[in-house]
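The report below takes up the ligand surroundings, the contact between the chains and the cysteines in turn. Please read it alongside the sequence and the structure shown here.

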Amino acid sequence: MTGRSLAEKVWDEPVIHRQDGEPDLLYVDLHLVHEVTSPQAFEGLRLAGRAVRRPDLTLATADHNIPTVLGRPIADQVAARQIDALTRNCAEFGIRLYPMGDARQGIVHVIGPQLGLSQPGMVIVCGDSHTSTHGALGAIAFGIGTSDVEHVLATQTIPRARPKTMAVTIDGAAPADVSAKDIILGIIARIGTGGGTGHIIEYRGHAIRSLSMEGRMTVCNMSIEAGARAGMIAPDDTTFAYLEGRPYAPSGADRERAIDHWRGLATDPDAAFDREVRIDGAQLRPYVTWGTNPAQAVAIDGRVPDPDAFDGPAAQESARRALTYMDLRAGTAMRDIAVDSVFLGSCTNGRIEDLRAAASVLRGRRVRAGLRALAVPGSMAVKAQAEAEGLDRVFTDAGFEWRSAGCSMCLGMNDDVAAPGERVASTSNRNFEGRQGPGARTHLVSPAVAAATAIAGHLASPADLS
Amino acid sequence: MRAVSRVTGRALPLDRANVDTDQIIPSDWLKRIERTGYGAGLFSAWCLDPSFVMNDPRFDGASVLVTGANFGCGSSREHAAWALEDRGFRAIIAPSFADIFRSNCLAVGLVLAELPDADVGRILAAVRAEPATPVTVDVEHRVVEVPALDYRGPFLIDESTRARLLAGHDEIDLSLAHDSEIAAYEARRPHWLPRVASTGPASGSSPRSRPAAS
Ligand code: SF4
């Protein structure tokens with residue numbers, strides 16, 4: 001008998017019903033809810049006279065729409081109505097909500113792990129594609145649409161066909177200046193935006209195992225940018241140490257029993273994957289995107305590629321469109337691209353280690369004159385931690401704006417919008433056309449590159465600063 | 001969801017790969033709490049360009065969208081499916097679709113027909129040359145038909161998706177039919193799994209949730 005992979009072990013456990021030719025009916029251990037993708041789901045429950053089956057397995061927070069300046073009212077009445085709807089819906093259906101201003105509020109994918117709610121072996125869903133983040137702890141975590149949000153609220157289950165499995169192995173160690181963000185940008189550049197479609201990716205290998213928990217979250221976060229249904233990493237001592245003492249993590253004898261169970265979730269040595277990709281860690285570099293999807297990336301030492309060099313007319317056309325939108329010319333050195341603003345934050349890179357990495361570059365330096373720089377912690381707890389470490393001073397002394405938690409300029413649903421034509425170096429996860437504001441141009445980068453870029457005024461790595 | 005067995009109509013040729021849901025419906029539209037009215041937001045940023053195909057009146061009233069690989073990638077916003085539906089689209093033909101978009105379309109009753117690259121290319125060319133070309137997506141028989149091209153090609157669709165489209169079930173009812181299995185699973189879940197501390201009912205209102213089963 002052949003062994004099973006991590007994904008298969010975690011998937012098979014909560015199957016409520018399995019029938020040939022039908023999707024599996026999976027039990028959901030944790031359902032995270034935010035303001036944008038839930039109002040129509042609650043309205044659906046009301047219309048059908050249905051209740052929320054497990055409010056105790058459901059947690060809501062406001063993150064996408066809200067201002068990141070505390071006390072600033074929501075100027076947009078449509079957005080304000082959405083925040084009100086979340087508050088009313090949570091009260092009516094008995095769901096715990098961390099609203100704007102609450103010490104536990106934050107981006108939904110930052111607070112789940114932080115509270116210890118996201119644990120190995122769980123099934124976690126949220127009406128948000130970056131739910132894949134929680135896979136860093138060895139959970140199966142995936143994004144769902146609003147009809148599915150309603151379905152989970154009503155039944156605590158979700159019907160899904162079991163995905164195929166894919167192993168992405170990074171052999172050997174990555175160079176010291178290569179961060180978790182660079183690892184995942186390198187992976188996506190290699191396999192493409194549709195490279196993981198239909199699959200759960202398990203990230204493996206030395207370079208992955210050596211990452212901190214937060215680095216693993218950055219990697220799993222962007223699984224969806226490779227089209228994957230989910231991304232995950234086998235739980236190990238790093239995972240167990242991370243969970244220890246967190247409010248919702250098991251403690252005492254429960255912790256021992258949980259760890260026994262979690263250790264068994266590793267992929268068996270004789271397990272087979274539907275697809276395997278191996279990448280040499282030593283070849284990885286800090287990456288920067290030049291185009292309008294996350295796979296359109298090159299090493300920061302590289303140049304804007306020539307569209308004609310791509311394989312096939314579709315890729316060539318898409319590169320041509322991207323260069324037009326980004327207002328870039330083939331052959332330009334990435335380091336010669338000047339930016340107007342820098343955004344440090346998001347569920348990809350808004351955690352304490354990301355802020356520390358950026359602050360270590362910024363300490364004693366000043367942001368390039370005329371450049372706008374925003375530091376937005378991923379949660380209020382991250383913000384408090386950073387302030388306790390004095391990082392807020394490092395940011396403000398350098399000329400960054402220091403904000404409260406939220407999605408902010410990752411998608412520009414609040415006031416933090418980039419203007420048409422504005423060029424942003426951003427630690428977020430999507431460089432789609434208009435993502436940070438209509439006509440805005442996004443270059444995805446790591447926190448260290450974002451900080452160096454803010455100082456230099458053009459795309460730069462910390463080593464470039466004198 | 002609405003049952004659908006066959007879609008026939010004019011087609012909109014959108015010859016781009018990796019069209020993400022931020023393009024299908026920009027985030028500005030995501031602040032609304034309604035379930036309808038997203039049609040005006042469909043590809044609204046691209047519509048600012050007068051040469052964008054959707055601005056060509058010859059394609060007005062199209063019910064089939066023909067497009068490139070990995071359509072619907074990116075965000076999980078079901079608003080993308082709602083916008084397409086609201087604008088009158090009932091089926092999409094492409095070489096491949098993104099996973100979350102696929103389940104959102106099923107929830108809405110929007111048919112996704114996956115055809116080989118070359119076939120999609122032929123249909124795109126035919127529709128561009130003659131916008132009135134009728135295209136049929138037949139869920140019952142799993143085929144796409146373009147009589148003007150003498151084309152009849154089977155498309156990939158899994159059996160459960162096909163059955164759900166044809167029947168138009170309420171998915172929640174289907175799952176609730178397994179209520180006793182759900183309760184049995186709840187009873188045997190490890191007790192150390194996390195449970196969110198409750199807020200209790202807001203003053204003056206009673207929560208509509210029922211007490212936890214385990
Ligand atoms: S930070 Fe960006 S990617 Fe993450 S949940 Fe918020 S909007 Fe989505």
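## Ligand surroundings

In this predicted model, the shell around the ligand is made up, by class, of five nonpolar, five polar and two charged residues. The charged class is represented by Asp128(A) and Arg435(A), while the polar class takes in His64(A), His109(A), His130(A), Ser346(A) and Asn429(A). Ile107(A), Leu411(A), Cys347(A), Cys407(A) and Cys410(A) are the nonpolar residues that surround the ligand.

As for where the ligand lies, the space that it takes is the largest cavity.

## Contact between chain A and chain B

Chain A brings 85 residues to the contact and chain B brings 63 residues. The area buried between the two chains is about 6,200 Å², and carbon and sulfur atoms give 54% of it. Within the area that chain A buries against chain B, Gln40(A), Arg50(A) and Arg53(A) supply 11%, which is more than any other three residues.

## Cysteines

How many disulfides are there over all chains? The count comes to zero, where a pair of cysteine sulfur atoms would have to lie within 2.5 Å to qualify. Cys126(A) is in no disulfide, since the nearest cysteine sulfur, which belongs to Cys347(A), is 9.7 Å away. Cys126(A) is also buried, with a relative accessible area of 0%.

In chain B, Cys73(B) is likewise in no disulfide, and the nearest cysteine sulfur, that of Cys105(B), is 13 Å away. Cys73(B) counts as buried at 8% relative accessibility.

Technical notes. Residues are numbered from 1 along each chain as its sequence is written. Chains are lettered from A and ligands numbered from 1 in the order in which they are written. This is a predicted model: local features need pLDDT of at least 70, side-chain atom pairs count only at pLDDT 80 or more; totals for chains, interfaces and linings use all residues. Side-chain values use heavy atoms; hydrogens and water are left out. Buried means under 20% relative accessible area, exposed over 50%, partly exposed in between (1.4 Å probe, protein chains only). A residue is near a molecule or strand if one of its heavy atoms lies within 4 Å of it. On a 1 Å grid over the protein atoms alone, a cavity is a set of points where a 1.4 Å probe fits but cannot get out, and a pocket is an open set with protein on both sides within 12 Å along at least five of seven lines; lining residues have an atom within 4 Å of a point. A molecule sits in a cavity or pocket if more than half of its atoms lie within 2 Å of its grid points. Contact means heavy atoms within 4.5 Å. Buried area is the accessible area (1.4 Å probe) that two parts lose on being put together, summed over both.
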